[in-house]
Amino acid sequence: MPEKTHDYRGDRIVVRYALKRCIHAAECVRGLPAVFDPRRRPWIDAKLAGADAIAKVITRCPTGALHYERTDGGAAEIPDETNSVLPTPRGPYYLRGDLEILDAAGTVVLRDTRVALCRCGQSRN
């Protein structure tokens with residue numbers, strides 16, 4: 001499942017954003033509104049906070065729409081030790097951990113640490 005990502009460079013971190021995976025849970029906006037401001041263009045400015053603070057907020061993104069790459073030698077994201085599924089009322093399943101998503105033929109289509117899966121079938125994802 002190749003996905004287009006947008007990169008936003010800070011002084012010590014690169015924020016990667018995959019629009020198709022975002023369901024606007026707004027964990028990033030609540031966590032660092034100066035960096036993640038949906039009213040601004042571009043809406044992410046990775047120069048407005050430290051790399052550690054940005055990385056911490058990105059790991060709260062439940063869908064994996066946001067990821068980061070440290071350019072200062074800082075630690076990469078570490079998957080949760082145990083895989084978990086959190087169903088939400090009238091919403092998606094949120095998965096966390098060392099995840100592999102397979103298609104019907106058993107082919108790995110995505111490896112990630114955070115994923116949201118639709119339960120209603122309307123998105124066809």
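A salt bridge here is a side-chain nitrogen of Lys or Arg within 4 Å of a carboxyl oxygen of Asp or Glu. A search of the whole structure with that rule turns up twelve of them.

Some ground rules before the exercises. This is a predicted model, where local features need pLDDT of at least 70, side-chain atom pairs count only at pLDDT 80 or more, and totals for chains, interfaces and linings use all residues. Residues are numbered from 1 along each chain as its sequence is written, and side-chain values use heavy atoms, with hydrogens and water left out.

**Exercise 1. Take the salt bridge between Glu69 and Arg16: which strands hold the two residues?**

Step 1. Start with the distance: the closest N and O atoms of Glu69 and Arg16 are 3.0 Å apart.

Step 2. Now place them. Glu69 sits in strand β3 and Arg16 in strand β2, so this pair ties together parts that are 53 residues apart in sequence. (Helices, H or I with at least four residues, and strands, E with at least two, are DSSP runs numbered from the N terminus.)

Step 3. Check the cover. Buried means under 20% relative accessible area, exposed over 50%, and partly exposed in between, using a 1.4 Å probe and protein chains only. Glu69 counts as partly exposed at 37%, and Arg16 counts as partly exposed at 25%.

Step 4. Look at the strands themselves. β2 (residues 13–17) and β3 pair in the antiparallel sense over five bridges; strands pair if DSSP finds at least two bridges between them. Tyr17 has Leu66 of β3 as its bridge partner.

Step 5. Finish with the faces of β3 (residues 66–70): Leu66, Tyr68 and Arg70 make up the covered face, while His67 and Glu69 make up the uncovered one.

**Exercise 2. Are Arg21 and Asp112 buried or exposed?**

Step 1. The two form a salt bridge, with the closest N and O atoms 2.8 Å apart.

Step 2. That pair links distant parts of the chain, 91 residues apart: Arg21 is in the loop between β2 and α1, Asp112 in strand β6.

Step 3. Read off the accessibility. Arg21 is buried at 12%, and Asp112 is buried at 11%.

Step 4. Try another pair: Glu77 and Arg114 meet in a salt bridge at 2.9 Å, N to O. Glu77 lies in the loop between β3 and β4 and Arg114 in strand β6, so the pair ties together parts that are 37 residues apart in sequence. Glu77 is buried at 18%, and Arg114 is buried at 0%.

Step 5. Round off with a network: Arg12, Asp52, Arg70 and Asp72 are joined into one by salt bridges that share partners.

**Exercise 3. Which element gives the most residues to the largest nonpolar core?**

Step 1. A nonpolar core is a set of buried Ala, Val, Leu, Ile, Met, Phe, Trp, Tyr and Cys residues joined through side-chain atoms within 4.5 Å. The largest has 21 residues, and Val15, Tyr17, Phe36, Ile44, Ile54 and Leu66 touch the most other members.

Step 2. Tally the suppliers: β2, α2 (51–58) and β3 each bring at least two residues to this core. The winner is α2, with five residues.

Step 3. Zoom in on Ile54. Neighbours within four places in sequence aside, Ile54 is in contact (heavy atoms within 4.5 Å) with Ile13, Val15, Leu32, Val35, Phe36, Ala46 and Ala49.

Step 4. Don't miss the second, separate core of five residues, which includes Leu95, Leu99, Ile101 and Val115.

**Exercise 4. Which peptide bond is cis, from Arg41 to which residue?**

Step 1. Omega is near -10 degrees for the bond from Arg41 to Pro42, making that bond cis.

Step 2. Pro42 belongs to the loop between α1 (27–31) and α2.

Step 3. Pro42 is also among the residues that Tyr8 touches, not counting residues up to four places away in sequence. Tyr8 is in strand β1 (residues 6–9) and is buried at 15%.

**Exercise 5. What are the phi values of His24 and Arg90?**

Step 1. For His24, phi is near 60 degrees, positive in a residue other than glycine. His24 lies in the loop between β2 and α1 and is exposed at 62%.

Step 2. For Arg90, phi is near 55 degrees, again positive in a residue other than glycine. Arg90 lies in the loop between β4 (84–87) and β5 (93–102) and is exposed at 84%.
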